[in-house]
Amino acid sequence: QAQRQGGHQFCHYCPTLTLSMDDRLTLGNALHQALTNQEFHLHYQPQVQLSTGNVTGVEALLRWQSPHMGNVSPERFIPVAEDFGLIGLITQWVIGAACEQAYQWYCTLPEPLVVSINVSALDLHFNNLEQVIFGHLQRLGLPPHLLQIEVTETGLVADGLQALDTLTRLREQGIRVAIDDFGTGYSSLSYLSLFPWDSLKIDRVFIQNIHQNVNNQSIVALVIQLAQALNLKVVAEGVEVAEEADCLRNFGCDWIQGYFYGRPLPAHQITSALTSPQPQFLQPA
Ligand code: C2E
Ligand code: MG
Ligand code: MG
Ligand code: MG
C-alpha cells in the first residue's frame, strides 16, 4: 500500500478510528508544531479531460513531512486536525498556498488550469472561509473560475444549511464547487439536488477494475446519466489502468484523475510536464 502511494512511507495501516488516545494527542500536538514550523507542502494531481486528452485542472493534495514521524497521510491527520480545532488554520494555509500556485500557472501557462482545493465540511461553518478565499483572489488578481472547492458529502450531513449557504455564495462569485468521493457517503441523492454543484467526483471504489466489474459499470453509467440530466460534470477518481480509462470514456465521463495519468507531484514537476512537448504524465504511471 505504501508503495502505491508514490513510494512515500505513508502510514495507511492505522486509520484514525483505531488510533489510541495517546497517538491522537501526539499527532494533535505535532500538528500544532507543523503549522508554525512550515512542515506542510502541496502536491498536485492532473485531471484529464477525456474528450481532448488535455490537463485542464489539478487537485491540490496536502502533504505533511514531520521531522519525527516522516510523511503522514492526510487520511490520518485531517480527522485529528478536525478534532483538535486545527482544521481551520490548516485550510487557510492550503488556500493561501494553492492560490499562489494557481496564480503562477495563470501567469505562465498558455491554457487555463483550474486548481481544486479540498475543504473539510467544518470549514464551511467558519464564516471566514469566503473572506479568506476572496482575500487571496483579490490580492492576486486571480479569476475565481480558476479555483474549485471539493467537499465530501459525508461532511455535509451535520449542518447542511450553513454549508449550503457558504457553497452557494462561493459559487455565486464564480468559484467552482465539486462533490468529492461521490457514492460513499450518506444521502447522496438528496445532497445532489440540494447543493449547487458544478461537478461530481465518483469515488475510486467504483472505478477500480471497472472494466471487469459489471455491477460497478452499471452504477457508474447510471451516475453519469444522472449527472448529465442535472447538468453536472463528472470526474472519475483513482483511474490506474488504461482499461478503466477506456471504459469511462465509453460511458461519457468528462474527466479522469488517477495514477494512470499521473500521481500527485510537486508544482514544478506539473509545470514542466505541462510545458514539455510530450506531457510525461500522459504516459501510464
Ligand atoms: P481525495 O480528495 O478523494 O483525494 C484523492 C486521493 O486519492 C489522494 O490521496 C490521491 O493521492 C489518491 N489517488 C489519486 N489517484 C489514485 C489512484 O489512481 N489510485 C489510488 N489508490 N489512489 C489515488 P491523499 O493525497 O492521500 O489524500 C487523501 C484524502 O485526504 C483526500 O481524498 C482528501 O479527502 C484528504 N485531503 C488531502 N489534502 C487535503 C487538504 O488540503 N484539505 C483537506 N481538508 N483534506 C485533504
Ligand atoms: Mg478531493
Ligand atoms: Mg475523492
Ligand atoms: Mg477521499
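What does Asp-181 count as at 24% relative accessibility? Asp-181 counts as partly exposed because its relative accessibility is 24%, where buried means under 20% relative accessible area, exposed means over 50% and partly exposed lies in between, computed with a 1.4 Å probe and with protein chains only.

All views show a predicted model, in which local features need pLDDT of at least 70 and side-chain atom pairs count only at pLDDT 80 or more, whereas totals for chains, interfaces and linings use all residues. Residues are numbered from 1 along each chain as its sequence is written, chains are lettered from A and ligands numbered from 1 in the order in which they are written, and side-chain values use heavy atoms, with hydrogens and water left out.

**View 1. Coordination of the magnesium ion (ligand 2).** Glu-59 (OE), Asn-118 (OD1), Glu-150 (OE) and Asp-180 (OD) coordinate this magnesium ion at 2.0 to 2.2 Å; donors are N, O and S atoms within 2.8 Å of the metal (3.2 Å for Na, K and Ca), and because water is not among the atoms, sites may look incomplete. Along the chain, the donors of ligand 2 follow the spacing E-x58-N-x31-E-x29-D. Distant parts of the chain are linked by the pair of Glu-59, in strand β2 (residues 55–66), and Glu-150, in strand β5 (residues 147–152), which are 91 residues apart; helices (H or I, at least four residues) and strands (E, at least two) are DSSP runs numbered from the N terminus. Both Glu-59 and Glu-150 are buried, and the relative accessibility of Glu-150 is 1%. The side chain of Glu-150 is also joined to that of Ser-116 by a polar contact of 3.4 Å, a polar contact being a pair of N or O atoms within 3.5 Å; within protein, one must be able to donate a hydrogen and the other to accept it, and residues adjacent in sequence count only if both atoms are side-chain atoms.

**View 2. The magnesium ion (ligand 3) and its bridge to the magnesium ion (ligand 2).** Ligand 3 is coordinated by Asp-180 (OD), Asp-181 (OD) and Glu-237, the last of these listed with two OE donors, at 2.0 to 2.4 Å. The two magnesium ions lie 4.1 Å apart, and Asp-180 bridges them. In sequence, the donor residues of ligand 3 are spaced D-D-x55-E. Asp-181 lies in strand β6 (residues 176–182) and Glu-237 in the loop between β8 (233–236) and α9 (242–251), so this pair ties together parts that are 56 residues apart in sequence. Unlike the partly exposed Asp-181, Glu-237 counts as buried, because its relative accessibility is 11%.

**View 3. The surroundings of ligand 1.** Among the 23 residues around ligand 1, those that come nearest are Arg-63, Asn-118, Asp-180, Glu-240 and Tyr-259; a residue is near a molecule if one of its heavy atoms lies within 4 Å of it. An oxygen atom of ligand 1 is 2.9 Å from a side-chain N or O atom of Asn-118, and a distance of 2.9 Å is likewise found between an oxygen atom of the ligand and a side-chain N or O atom of Asp-180. For Glu-237, the corresponding distance from an oxygen atom of ligand 1 to an N or O atom in the side chain is 3.2 Å. The protein covers 92% of the 800 Å² of accessible area that ligand 1 has on its own, as computed by the Shrake-Rupley method with a 1.4 Å probe. The elements β2, α2 (74–83) and β6 each give two or more residues to the shell, and β2 gives the most, with four residues. By class, the shell holds nine nonpolar, six polar and eight charged residues.

**View 4. Helices α4 and α3.** The 13 residues of helix α4 (residues 128–140) should span 18 Å at 1.5 Å a residue, which agrees with the 18 Å between its end C-alpha atoms; the expected span is 1.5 Å times one less than the number of residues. Buried residues of α4 include Leu-129, Val-132, Ile-133 and His-136, and the helix is followed by Gly-141, whose phi is positive, near 75°. Helix α3 (residues 87–108) has 22 residues and reaches 31 Å from its first C-alpha to its last, close to the 32 Å expected. Among the residues buried in α3 are Ile-90, Val-94, Ala-98 and Trp-105.

**View 5. Two loop residues with positive phi, Gln-38 and Asn-231.** Most residues other than glycine have a negative phi. Gln-38 nevertheless has a positive phi of about 55°, and its place is in the loop between α1 (21–36) and β1 (40–49). Asn-231, also not a glycine, has a positive phi of about 70° and is found in the loop between α8 and β8. Gln-38 counts as exposed at 70% relative accessibility, and Asn-231 is exposed with a relative accessible area of 69%.

Terms used. Nonpolar A, V, L, I, M, F, W, Y, C, P; charged D, E, K, R; others polar.
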